[in-house]
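Here are a few worked exercises to try with the model open in your viewer. Have a go at each task before reading on.

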Amino acid sequence: MKTFAITALLYFFSFASSALENKSFGTGANMDKLVAISTLLSSPNNYLDQEVTVAGTIVSVCSKRGCWMKLASDKKFQTLRIKVKDGDMVFPFNARGEKAFATGKLFPIKLSKAKAIEYFAHLAEEAKEEFDPSSITGEMTIYQLVPTGVTIEYQQS
Amino acid sequence: MKRTKRSNGFVRKLRALHRDIGYFCIGMTAVFSISGLAVNHIDDWNPNYQVDLSVKKISINKTQQNSADLDQLILQQLEITKKIKTNFWESESRYKLFLEKDTTVFLNFNQQQATIETVTPRPIIASFNKLHLNEVSQAWVYFSDFFAILLLFLAISALFMVKGKNSVWGIRGGWVVAGIIVPLAFLFI
């Protein structure tokens with residue numbers, strides 16, 4: 001009886017974290033407000049005060065707290081960072097390669113050259129990616145989407 | 001005499017309540033303490049996922065990098081049989097291949113190197129962490145509040161569990177004072 005109870009508990013806790021289905025965070029994404037990431041980033045000022053939904057493959061996720069993820073744009077080499085306050089939403093580290101939709105507002109962040117190097121070096125370290133400081137040539141404005149709702153669509157595998 | 005009897009009855013009820021609530025709190029305490037240890041050291045390890053890395057050499061030239069068969073060529077050279085989910089060009093020389101079973105291949109064509117990363121959720125501790133960090137439903141937050149109240153009850157009722165020379169009102173009270181001083185001391189370190 002004791003063995004059964006312990007086994008059942010362990011099985012329950014093991015299974016509780018392994019179910020793979022579409023996942024929604026916050027309010028879930030609003031599919032009526034879809035804007036291509038490339039469109040958003042080519043004229044970001046047009047979208048600053050409105051809620052938009054972006055879609056893309058998850059290509060990177062914060063490995064420690066799941067507080068950000070990067071979505072691939074429809075334009076080559078381009079990504080958009082989806083950032084939440086720690087704990088508001090926790091993006092699964094193993095969701096890379098899945099498609100995500102994120103609804104929220106775009107926020108600009110102005111960085112001096114030194115701050116930009118610091119910022120991108122930190123991001124690269126978190127994502128365990130390479131970073132070349134010489135790729136930053138001056139001050140810059142980066143954009144990230146702070147979502148109110150996210151939906152991740154898992155592929156059947 | 002009457003007052004002592006009533007007082008003994010109260011202590012007996014309190015002890016029984018302390019015992020039963022203590023039993024009830026075992027599971028929750030285990031969840032919070034184990035995951036507390038796990039997430040306290042988040043900078044040293046990933047408490048939710050086991051990440052396995054292996055680095056291999058590849059031999060893919062510029063023409064092959066631009067070919068439609070690139071993904072198959074990579075899998076062939078790395079002797080991987082998993083299905084491809086999708087891919088992503090990070091830059092001219094860096095490429096990611098996302099495979100089934102939580103596997104990602106990071107390719108650096110300048111270095112002719114592939115890093116294969118497999119992520120496996122830690123089955124039990126990941127569930128504990130999820131509960132600890134309130135990543136489940138709002139109802140869990142209310143239940144955690146209830147648990148906090150129960151812990152407070154256990155702490156306060158513990159003051160009345162033992163009578164006599166070993167009670168907290170004697171020399172043993174030093175432990176209570178120490179338990180208050182230690183966390184306060186960290187505010188000044």
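A residue counts as buried if 20 or more other C-beta atoms lie within 10 Å of its own, and as exposed if 12 or fewer do. Keep in mind that this is a predicted model.

**Exercise 1. Two unusual phi angles**

Task: Find where B:Glu79 and B:Asp102 sit, and decide for each whether the residue is buried or exposed.

Solution:
- Start with the background: most residues other than glycine have a negative phi.
- Now check the angles. B:Glu79 isn't a glycine, yet its phi is positive, about 55°. B:Asp102 isn't one either, and its phi is positive too, about 50°.
- Next, place them. B:Glu79 lies in the loop that links α3 (70–78) to β2 (84–89) of chain B. B:Asp102 belongs to the loop between β3 (94–99) and β4 (103–108) of chain B.
- Finally, count neighbours. B:Glu79 has 7 other C-beta atoms within 10 Å, so this residue is exposed. B:Asp102 has 23 C-beta neighbours inside 10 Å, so it is buried.

While you're at it, look just after helix α4 of chain B: B:Asn134 follows the helix and has a positive phi, near 55°. Within α4 (residues 123–132) itself, the buried residues are B:Ile125, B:Ala126, B:Ser127, B:Phe128 and B:Asn129.

**Exercise 2. The sheet of chain B**

Task: Work out the strand order of the open sheet in chain B and pick out its edge strands.

Solution:
- Trace the pairings across the sheet. The 5 strands come in the order β1-β5-β4-β3-β2, with antiparallel pairing.
- Look for strands that pair on one side only: these edge strands are β1 (49–57) and β2 of chain B.
- Step from strand to strand, and the twist averages 15°.
- Zoom in on one pair. β2(B) and β3(B) run antiparallel and share 5 bridges, and B:Trp89 has B:Tyr95 in β3(B) as its bridge partner.

**Exercise 3. What does β6 of chain A pair with?**

Task: List strands that pair with β6(A), giving the sense of each pairing and the number of bridges.

Solution:
- Take β1 (residues 23–26) of chain A: it pairs with β6(A) in the antiparallel sense over 4 bridges. Here A:Gly26 stands opposite A:Gly149.
- Move to β4(A), which runs parallel to β6(A) and is joined to it by 2 bridges. A:Arg81 has A:Gln144 as its partner in β6(A).
- Then there's β5(A), antiparallel to β6(A) over 13 bridges. A:Ile109 is bridged to A:Ile142 in β6(A).

**Exercise 4. Into the core**

Task: Identify which element gives the most to the largest nonpolar core.

Solution:
- Size it up: the largest nonpolar core has 31 residues, and A:Val54, A:Met69 and A:Ala102 are among those with the most contacts inside it.
- Sort by element. β2 (52–61), β3 (68–72), β4 (79–83), β5 (99–111) and β6 (140–153) of chain A each supply at least two residues.
- Pick the winner: β2(A) gives the most, with 6 residues.
- Check a member. Leaving aside neighbours within four places in sequence, A:Ala102 touches residues including A:Ala29, A:Leu71, A:Ile82 and A:Val150.

**Exercise 5. Where the chains meet**

Task: Describe the side of chain A that touches chain B, by element and by residue class.

Solution:
- Count both sides: 21 residues come from chain A and 26 residues from chain B.
- Find the main contributor on the chain A side: α1(A) gives the most, with 4 residues.
- Split that side by class, and you get 8 nonpolar, 10 polar and 3 charged residues.

Notes: Residues numbered from 1 in each chain as written. Chains lettered and ligands numbered in written order. Predicted model: local features only at pLDDT ≥ 70, side-chain atom pairs only at ≥ 80, totals over all residues. Contact = placed C-beta atoms within 7 Å. Nonpolar A, V, L, I, M, F, W, Y, C, P; charged D, E, K, R; others polar. Core = buried A, V, L, I, M, F, W, Y, C linked by C-beta atoms within 7 Å. Pairing = 2+ DSSP bridges. Axes fitted to C-alpha atoms, helices over the stretch in contact; angles between N-to-C directions.
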